[in-house]
Amino acid sequence: MFLEKLAALDRWLFHALNERAVNPFLDALMPFVTESHNFTVLLIAVWLLLFWKAGKRGRVVALATLAVIAASDQLSAHVLKPLFSRQRPPYTLENVRLLVDTTRSFSFPSVHASNTFAVASFVSSFYGRFAWPLYAVACLVAYSRIYVGVHFPSDVLAGAAVGLVIGLGAAW
């Protein structure tokens with residue numbers, strides 16, 4: 001009974017965020033935000049800056065960030081997704097506003113949310129002054145996954161939780 005109510009809340013919240021809380025600006029922005037390849041050059045530049053300009057600590061954090069991303073990505077995509085086998089919203093719900101192409105890969109948890117929250121929590125553990133922008137980007141990416149129609153809210157919350165545990169655990 002509790003799980004049914006939780007699933008109903010998840011579907012209701014998905015519809016609220018995907019169908020009703022929309023506007024033309026977000027319709028243009030969110031597909032851009034959700035596509036990680038749009039930020040490849042910027043991410044590489046930031047990583048190189050951290051590696052070359054932030055001293056020994058920066059090099060350690062930069063290299064360890066790669067391991068954090070790998071751990072988050074592999075756990076989310078190759079262990080948890082097959083374990084839960086949850087279908088994405090366009091395959092289980094009607095009236096989904098799908099703003100990007102989707103795959104048949106499973107939905108739970110969101111790898112985008114997991115990876116961005118892993119990086120945000122790990123890097124901000126060493127560079128606290130960047131915590132706010134790092135978490136803001138992670139939240140924006142996570143929200144974009146619901147807005148564009150490819151994840152349920154619980155998918156991104158679970159992904160965020162996985163990322164936080166991996167990032168903070170690695171920092172510890």
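Select histidine 15 to begin: setting aside neighbours within four places in sequence, histidine 15 is in contact with Arg20, Leu93 and Glu94. The model on the screen is predicted. Histidine 15 sits in helix 1, and histidine 15 is buried, with a relative accessible area of 18%. The cut-off for buried is under 20% relative accessible area, so histidine 15 falls within that class.

**Along helix 1**

Stay in helix 1, which covers residues 2-20, and select leucine 6. Is leucine 6 buried, exposed or partly exposed? Leucine 6 has a relative accessible area of 44%, so the label is partly exposed.

Now add Phe2, Leu3, Leu9, Trp12 and Leu13 to the selection and show the surface. Together with Leu6, these residues make a nonpolar surface patch of about 670 Å². For the spacing of such residues along a helix, one general point helps: an α-helix has 3.6 residues a turn, so residues three or four places apart point the same way.

**The salt bridges**

How many salt bridges does the model have? The count comes to 3 salt bridges. In general, side chains of opposite charge can pair when their charged atoms come close.

Select arginine 86 and aspartate 10. Their side chains meet in a salt bridge, at 2.8 Å from N to O. Arginine 86 lies in the loop between helix 4 and helix 5 (89-92), while aspartate 10 lies in helix 1, so this pair ties together parts that are 76 residues apart in sequence. Colour the two by accessibility. Arginine 86 counts as partly exposed, at 22% relative accessibility, whereas aspartate 10 is buried, with a relative accessible area of 8%.

Keep arginine 86 selected and add aspartate 155. The side chains of aspartate 155 and arginine 86 also meet in a salt bridge, with 2.9 Å between N and O. This pair links distant parts of the chain, with aspartate 155 in helix 8 and arginine 86 in the loop between helix 4 and helix 5, 69 residues apart. Aspartate 155 counts as buried, at 0% relative accessibility. Through shared partners, the salt bridges join Asp10, Arg86 and Asp155 into one network.

Next, select arginine 97 and aspartate 27. These two form a salt bridge, and their closest N and O atoms are 2.6 Å apart. Here too the pair links distant parts of the chain: arginine 97 is in the loop between helix 5 and helix 6, and aspartate 27 is in helix 2 (residues 24-34), 70 residues apart. Aspartate 27 is partly exposed, with a relative accessible area of 28%.

**Helix 8**

Select residues 153-171, which form helix 8. Helix 8 has 19 residues and reaches 27 Å from its first C-alpha to its last, close to the 27 Å expected at 1.5 Å a residue. Which residues of helix 8 are buried? They are Pro153, Asp155, Val156, Ala158, Gly159, Ala160, Val162, Gly163, Ile166 and Gly167. Show what surrounds these buried residues: they pack against helix 1, helix 4 (55-84), helix 6 (111-126) and helix 7.

**Helix 6 and helix 7**

Move to alanine 120, in helix 6. Alanine 120 is buried, with a relative accessible area of 1%. Apart from neighbours within four places in sequence, alanine 120 is in contact with Leu134, Tyr135 and Ala138. Add alanine 136 and draw a distance between the C-alpha atoms: alanine 120 and alanine 136 are 8.9 Å apart in space and 16 residues apart in sequence.

Then select arginine 145, in helix 7 (residues 131-147). What is the nearest side chain of opposite charge to arginine 145? It is glutamate 35, at 5.5 Å, and arginine 145 is buried yet has no salt bridge. A salt bridge needs the nitrogen within 4 Å of a carboxyl oxygen, so the 5.5 Å to glutamate 35 does not qualify. Leaving out neighbours within four places in sequence, the contacts of arginine 145 are Thr34, Arg88, Ser110, His112, Val150, His151 and Val156.

**Last stop: arginine 104**

Finish with arginine 104, in the loop between helix 5 and helix 6. Arginine 104 counts as exposed, at 55% relative accessibility. Beyond neighbours within four places in sequence, arginine 104 is in contact with Gln87 and Tyr91. Add arginine 88: from C-alpha to C-alpha, arginine 104 and arginine 88 are 7.6 Å apart, with their places 16 residues apart in sequence counted as a separation.

Notes: Residues are numbered from 1 along each chain as its sequence is written. This is a predicted model: local features need pLDDT of at least 70, side-chain atom pairs count only at pLDDT 80 or more; totals for chains, interfaces and linings use all residues. Side-chain values use heavy atoms; hydrogens and water are left out. Helices (H or I, at least four residues) and strands (E, at least two) are DSSP runs, numbered from the N terminus. Buried means under 20% relative accessible area, exposed over 50%, partly exposed in between (1.4 Å probe, protein chains only). Lys and Arg count as positive and Asp and Glu as negative; His and the chain ends are not counted. Contact means heavy atoms within 4.5 Å. Patches are made of residues with over 30% relative accessible area and no salt bridge: like charges are joined within 9 Å, nonpolar side chains (Val, Leu, Ile, Met, Phe, Trp, Tyr) within 5 Å. Accessible areas come from the Shrake-Rupley method with a 1.4 Å probe; for residues, only the protein chains shown count as cover. The expected span of a helix is 1.5 Å times one less than its number of residues.
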